[in-house]
Amino acid sequence: MTTFSTVCPEKNSEVRRILGRVRCPSLRRLEELLAQSRAEPLGLPELAELFEIGASTEASTQFEMLRSFVREQWRGVDGNRLRYVAPIYVSSFCVDACPYCNFSALRKETVRRRLTIDELDAEIGAVMARDARVIELVFATDPEFDAAELVRYIARTVDALGDQEGSGVLLCTEYLSSETYRELSEAGLRGIVQWDETLDEDAYARWHAASPRKREFRARMDNQDRALAAGLDVATGALFGLAEFRYDALMQVARARYFAEEYGRGPFVLGTARLKPIGGRELRLETCVSDRAYETALMVYKIAVPAAGRWLQTRETFELNLRNMLDGDVFTYRCGDVQPGGYGAAAVVPLRGGQFGVNELERDFVDRELAARGFRIDYEWMSGAGAWAAALQSVSGS
Ligand code: SF4
């Protein structure tokens, strides 16, 4: 079985070669590139030129031209749809030690919790009462959750949702075996969410050397291959700020296109997480990803992988998300304070128990602001397995 780790060295060399000679496009060149993108998928060298706009402080006109282009293409005056995912945090116990995460085993002051099945029921009830029908179960690297326990929690969530059209269960946890993914698929799981953090192997090692499970770069990199082979859908993405953003963004495009070529379906969404301080602590960022760079990455993702949409983050401000949202994006305005039991108000211990800082919003406010910009939220968007991502099959430019 071909997996991404077998093609990654070649992609890595290609991307580094491209980035070594790329230049920020002139206005005329940008016009050419955008016109070309209407006719065919842009290759990695051309996409690298677009990403370069985010790295240049002197490309404000190009940046605005890029924004006008993606809005014209994928943001109507009305009728835009955002897909909603309700994350339910199940466990904050973790053996790993990512410095950017409040669940790190090294953070002794974090208030930790593991939901029982009854407590899971309560959280499912809380999100379903708010109309959510696509639920993402979120675990840290918690040894208590072996395959049998994951099956139990997933099956319970599938049961609670019933066979309602558009509903589904997603899973975010550590990397798992092919056999486990087959069991989870049989239990009704629809897809997995995993951010690669960074595909820059040296940077990955610097951030994850102290994590006993997560430091296995290749085993984790091939996680989506195992899930796809088991019939599941996948999300992928980089955590911007761990390495150079143009490298990470270009590698994610290469990865999305690899999935489409290898499995006939690409990721259903591209993650857009950006490193932020957590719980008032400052992180020593290796690379600061400015708003300009971040927003450029989001726009170029859309041009590169139009069927995937982007997952707009509650780590970012609502204002930034409003500026960037496009038809088909995933947008979540409540995350249960990114901690187990977070949807039950009495259980919340802000910051001390959450994975990272988020901007939680009230639905009425969100609905009003979105409606004013021609957007509405779709809570029941999941179709047949792989269906929404199959369109990527045609997006195979290298
Ligand atoms: S990012 Fe995941 S693996 Fe790393 S410490 Fe947090 S929960 Fe654990």
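Aromatic rings here pair if their centres lie within 6.5 Å. With that rule in hand, I looked up clusters, and F4, Y258, F259 and Y263 form one of them. Note to self: this is a predicted model.

**Entry 1, aromatic pairs**

I got 18 aromatic pairs for the structure. I opened W195 and W311, which pair edge-to-face, with 5.9 Å between centres and 90° between planes. W195 is in the loop between β5 (191-193) and α8 (201-208), while W311 is in strand β8, so this pair ties together parts 116 residues apart in sequence. I then checked burial. W195 has a relative accessible area of 15%, and since buried means under 20%, W195 counts as buried. W311 comes out at 7%, so W311 is buried too.

Next I pulled up F318 and F331. Their ring centres are 6.0 Å apart and the planes sit at 25°, so I logged the pair as stacked. F318 belongs to helix α13 (residues 318-324) and F331 to strand β9 (residues 330-331), with their positions 13 residues apart in sequence. Both are buried: F318 has 5% relative accessibility, and F331 has 1%.

**Entry 2, cavities**

How many cavities of 30 Å³ or more are there? I count 3. The largest cavity holds about 730 Å³ of space. It is lined by 37 residues, and C172, W195, R315, Q355 and F356 are the closest to its centre. So W195 from the edge-to-face pair turns up again here, in the lining.

I also asked which elements give two or more residues to this lining, and found β2 (86-91), β3 (134-139) and β8 (310-312). The most comes from β3, with 3 residues. By class, I have 21 nonpolar, 8 polar and 8 charged residues in the lining.

The second largest cavity has a volume of about 50 Å³. Its lining is Y84, A86, V127, R130, A132, Y333, R334, Y343 and Y379. I sorted those into 7 nonpolar and 2 charged, with no polar residues.

**Entry 3, the ligand**

Where is the ligand? The space it takes is the largest cavity. Around the ligand I listed C94, D96, C98, C101, F103, S104, A140, T141, K214 and Q355. That shell divides into 5 nonpolar, 3 polar and 2 charged residues. I flagged Q355, which is in the ligand shell and also among the residues closest to the centre of the largest cavity.

Notes: Residues numbered from 1 in each chain as written. Predicted model: local features only at pLDDT ≥ 70, side-chain atom pairs only at ≥ 80, totals over all residues. Heavy atoms only, no water. Near = heavy atom within 4 Å. 1 Å grid on protein atoms, 1.4 Å probe; cavity = no way out; pocket = protein on both sides within 12 Å on 5 of 7 lines; lining within 4 Å. Sits in = over half its atoms within 2 Å of the grid points. Nonpolar A, V, L, I, M, F, W, Y, C, P; charged D, E, K, R; others polar. Points joined across faces, edges and corners; volume = space filled by probe spheres on them. Helix = DSSP H or I, 4+ residues; strand = E, 2+ residues; numbered from the N terminus. Phe/Tyr/Trp six-rings, centres within 6.5 Å; stacked < 30°, edge-to-face > 60°. Buried < 20%, exposed > 50% of the residue type's maximum accessible area, 1.4 Å probe, protein only.
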